[in-house]
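Trainee: Hey, got a minute to walk me through this one? I'd like to know what to look at.
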Amino acid sequence: MVRRRFSFGLVSRLSSPIYGRSPCSGGIWTPCLGQKRSFMTAKDLVESEEPEKKVTNRINMFSAINQALHTVLDSDPKSYVFGEDVGFGGVFRCTTALRDKFGRHRVFNTPLCEQAIVGFGIGLASMGNRAIAEIQFADYIFPALDQIVNEAAKYRYRSGNLFNCGGLTVRAPYGAVGHGGHYHSQSPEAFFCHVPGIKVVIPRSPSQAKGLLLASIRDPNPVVFFEPKWLYRLAVEEVPVDDYTLPLSSAEVMRKGSDITLVGWGAQLAIMEEACDEVSKLGISCELIDLRTLIPWDKELVEDSVNKTGRLLVSHEAPVTGGFGAEIAASITNSCFLRLQAPVSRVCGLDTPFPLVFEPFYMPTKNKELQTLGL
């Protein structure tokens, strides 16, 4: 193996044991139990499994999301899809043809009021329905912040589990799109990761989007589901036709390696894959992990990887200060301190409003990641 020097240390392989892994499975948030991010398994949940890829279609991400919504509406008569302009398909066409098939009483437009959209979803879900609310852009989710943080996330806790709004899923397109600027390109996932009682899920591809969205809708907890708008049409792959779910709070090792661990989510993983390919030409072996669920995140899998490689780089589009990468860095530094051969590094967006013409300077790119690796 060709040995290269990273900016934070010499590349080497650790001969550390891989400790047993027990990632969080689908269940009910129970922060009131006094445990560390306690997560209780729910017996009434159907256990999620990786899809058996038998019959597939090659489709893009917005079509995969549309398939998932079709599946839910078709299989559960108590499910509803609503939001701004969803009746005609939405800005990104994710709800195309849903109203024609399932009717105006189950797929309907709402006023331009995000607080009302989520508030209505909470009420609908609290009555035992599956409420799938669409926020047209994640940038506009902030008027609904009070409803999500102070109502949806605390509904079960404040009633001692007598009542809940676990059937609520809030969908929102997030992240860069190439020409969105400061009102249509933000990545606000970290705001919601601070709140016990909700889950935050972000897919990286069409097949992941369908499986994770179906799992989110059927999960007994409120879920904020961020969809990378950059990938709606750009990401295309084979997606199982049948109904399937992917496990929440279970990260996926996309690429095995021995020299450094890279962690990301959403559209950023495509950039990280390019960086992995580039450094592999120099004999550097990267282990790439898609977190998929940010809260509760699969800390055990990341710990296992870092204990093996001794190094960690986290990358996301959101600003670096207070981004969820900071939580990962702090947590892994604490649990893997004696195994780390260098400080945890982050390659993220800048601490500025998301720019328009200067977007290429703002975004965490492959070259920025290579520079962090000292190449």
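Mentor: Sure, start with a charge over a ring: the charged end of R233 sits over the ring of F62, 4.5 Å from its centre. Keep in mind that this is a predicted model.

Trainee: Which residue lies over the face of Y155?
Mentor: That's R158, at 4.9 Å from the ring centre.

Trainee: OK, and how confident is the prediction in general?
Mentor: The average pLDDT for the protein is 88, and 86% of the residues score at least 70. Residues 1-26 are a weak spot, with pLDDT below 50, although this stretch has 86 contacts in the model beyond near neighbours in sequence. Residues 29-49 also have pLDDT below 50, and that stretch has 45 such contacts.

Trainee: Back to rings. How many aromatic pairs are there in the whole structure?
Mentor: A search finds 13. One of them is F82 with F108: the ring centres are 5.6 Å apart and the planes are at 10°, so the pair counts as stacked, which takes under 30 degrees.

Trainee: Where do those two sit in the chain?
Mentor: F82 is in strand β6 and F108 is in strand β7, residues 107-109, so the pair ties together parts that are 26 residues apart in sequence.

Trainee: And is F82 buried or exposed?
Mentor: Buried, because its relative accessible area is 0%.

Trainee: Got another pair for me?
Mentor: Try F92 and Y232. Their ring centres are 4.9 Å apart with planes at 35°, so this pair is tilted. F92 is in the loop between β6 and α2, while Y232 is in helix α8, residues 231-234, so the pair ties together parts that are 140 residues apart in sequence.

Trainee: Are these two buried or exposed?
Mentor: F92 is buried at 14% relative accessible area, and Y232 is buried at 1%. Together with F137 and Y140, F92 and Y232 form one aromatic cluster.

Trainee: Switching to the backbone, what's odd there?
Mentor: Look at D85, which has a positive phi of about 70° although it is not a glycine. D85 is in the loop between β6 (79-83) and α2 (98-102). Its relative accessibility is 29%, so D85 counts as partly exposed.

Trainee: What about R93?
Mentor: R93 isn't a glycine either, and it has a positive phi of about 70°. You'll find R93 in the loop between β6 and α2, and R93 is partly exposed at 29% relative accessibility.

Trainee: Last one: which residues does the cis peptide bond join?
Mentor: I295 and P296, with omega at about -10°. P296 is in the loop between β16 (293-295) and α10 (299-309).

How values were computed: Residues numbered from 1 in each chain as written. Predicted model: local features only at pLDDT ≥ 70, side-chain atom pairs only at ≥ 80, totals over all residues. Heavy atoms only, no water. pLDDT = per-residue confidence, 0-100. Contact = heavy atoms within 4.5 Å. Helix = DSSP H or I, 4+ residues; strand = E, 2+ residues; numbered from the N terminus. Buried < 20%, exposed > 50% of the residue type's maximum accessible area, 1.4 Å probe, protein only. Phe/Tyr/Trp six-rings, centres within 6.5 Å; stacked < 30°, edge-to-face > 60°. Lys NZ or Arg CZ within 6 Å of the ring centre and 35° of its normal.
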